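Me: I would like a close look at a single part of this protein, the second helix, and then a connected account of how the rest of the fold is arranged around its cores and its charged pairs. Please take your time over it.

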Amino acid sequence: MAAFPQERFSSHGGRTGPAVFHDPGLVDRTLTMRGVTEEDLPELVRVDREAFPDDPYPYFVLRQLFDLHADQLLVLDDGQRLHGYVLFVISPDRYRGWIVSLGVTRDQRGRGLGRRLMLEVLRRLRAESVREVRLTVEPANDAAITLYRSLGFSSEEGVREDYFGAGEDRLIMTLGL
């Protein structure tokens, strides 16, 4: 049986606690992956605005996503600031999971933080017996597409024009678990 991506790139945190990473780019502060808290909302908004400056979520949307899916919203925290987040949801029939949003601050890109977040989500989805994971990505976002493909996602459906409204095309990517 082939190793799943997170088994090849396992975190130091194991399955029972927050994943802890040491990243020299964070001035020797420990980077912890953990669930979001209500106190994190202002920082979450900041991270989202840095990650998606052209189209960030409004505060009220992040607030409502927190209210509905706090148990499926993970953040990367160095003890002073957040540096990334991922939001995932599971369909009511538990067959399919969706990666709703993955964001890493621009100053921390290229350090594997998005991969760390995705690997943890995939581990959690498998633990919930989810069979398929889907996500959408802007077709011009080569870095994100490369990350998702390296994790095993494929894009047989191709680009869906106007997926998020006029001129907002998205590439649909899928991974079987």
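**The second helix and its surroundings**

Reply: In helix α2, which spans residues 41-51, the buried residues are Leu 41, Leu 44, Val 45, Arg 46, Val 47, Asp 48 and Ala 51. These buried residues pack against helix α3 (59-69) and against the strands β3 (73-77), β4 (82-90) and β5 (96-104). An α-helix has 3.6 residues a turn, so residues three or four places apart point the same way. The list of buried positions in α2 includes Leu 41, Leu 44 and Asp 48 as well as the charged Arg 46, and Arg 46 is also linked with Glu 43, Glu 50 and Arg 81 in a network of salt bridges.

The model is a predicted one, and its confidence should be kept in mind. The mean pLDDT of the protein is 87, with 84% of its residues reaching 70 or more. Residues 1-17, by contrast, stay under 50 in pLDDT, and the model has 20 contacts beyond four places in sequence for them.

Around α2, the whole protein has 5 helices and 8 strands, which follow one another along the sequence in the pattern α-β-β-α-α-β-β-β-α-β-α-β-β. Buried residues make up 45% of the 177 residues. Among the contacts with a separation of 6 or more, 58% join residues 24 or more positions apart. The accessible surface comes to about 9500 Å², and 49% of that surface belongs to carbon and sulfur atoms.

On the nonpolar side, the largest core holds 31 residues, of which Met 118, Tyr 148 and Phe 153 touch the most other members. At least two residues of this core are supplied by each of β2 (30-35), β3, β4, β5, α4, β6, α5 and β8, and α4 gives the largest share, 7 residues. Leaving aside residues up to four places away in sequence, Tyr 148 touches Leu 102, Met 118, Leu 135, Val 137, Phe 153 and Met 173. There is also a second, separate core of 13 residues, whose members include Leu 65, Val 75, Tyr 85 and Leu 87. In soluble globular proteins, nonpolar side chains tend to be buried together.

Helix α4 (residues 113-127) also carries a charged residue, Glu 120. Glu 120 counts as buried because its relative accessibility is 9%, below the 20% cut-off for that class. Its contacts, not counting residues up to four places away in sequence, are with Met 33 and Leu 74.

Turning to the charged pairs, a search of the whole structure finds 14 salt bridges. Glu 132 forms one of them with Arg 96, the closest N and O atoms being 2.5 Å apart. This pair links distant parts of the chain, with Glu 132 in strand β6 and Arg 96 in strand β5, 36 residues apart. Glu 132 is buried, at a relative accessible area of 15%, whereas Arg 96 counts as partly exposed at 28%.

Strand β6 takes part in another such pair, as Arg 134 forms a salt bridge with Glu 157, with the closest N and O atoms 1.6 Å apart. Glu 157 lies in the loop between α5 (142-150) and β7 while Arg 134 is in strand β6, so the pair ties together parts that are 23 residues apart in sequence. Here Arg 134 is buried, at 13% relative accessibility, and Glu 157 is partly exposed, at 43%.

A further salt bridge joins the side chains of Glu 168 and Arg 170 at 3.5 Å, N to O. Glu 168 is partly exposed at 32% relative accessibility, and Arg 170 is buried at 11%. Side chains of opposite charge can pair when their charged atoms come close.

Lastly, two loop positions deserve a look for their backbone. Most residues other than glycine have a negative phi. Ser 129, although not a glycine, has a positive phi of about 60°, and it lies in the loop between α4 and β6 (132-137). Ser 129 is exposed, with a relative accessible area of 53%. Asp 162 likewise is not a glycine and has a positive phi of about 55°, its place being in the loop between β7 (159-160) and β8 (170-176). Asp 162 counts as partly exposed, at 42% relative accessibility.

Conventions
Residues numbered from 1 in each chain as written. Predicted model: local features only at pLDDT ≥ 70, side-chain atom pairs only at ≥ 80, totals over all residues. Heavy atoms only, no water. Helix = DSSP H or I, 4+ residues; strand = E, 2+ residues; numbered from the N terminus. Buried < 20%, exposed > 50% of the residue type's maximum accessible area, 1.4 Å probe, protein only. Contact = heavy atoms within 4.5 Å. Areas by Shrake-Rupley, 256 points an atom, 1.4 Å probe, with all protein chains shown as cover. pLDDT = per-residue confidence, 0-100. Salt bridge = Lys/Arg side-chain N within 4 Å of Asp/Glu carboxyl O. Core = buried A, V, L, I, M, F, W, Y, C linked by side-chain atoms within 4.5 Å.
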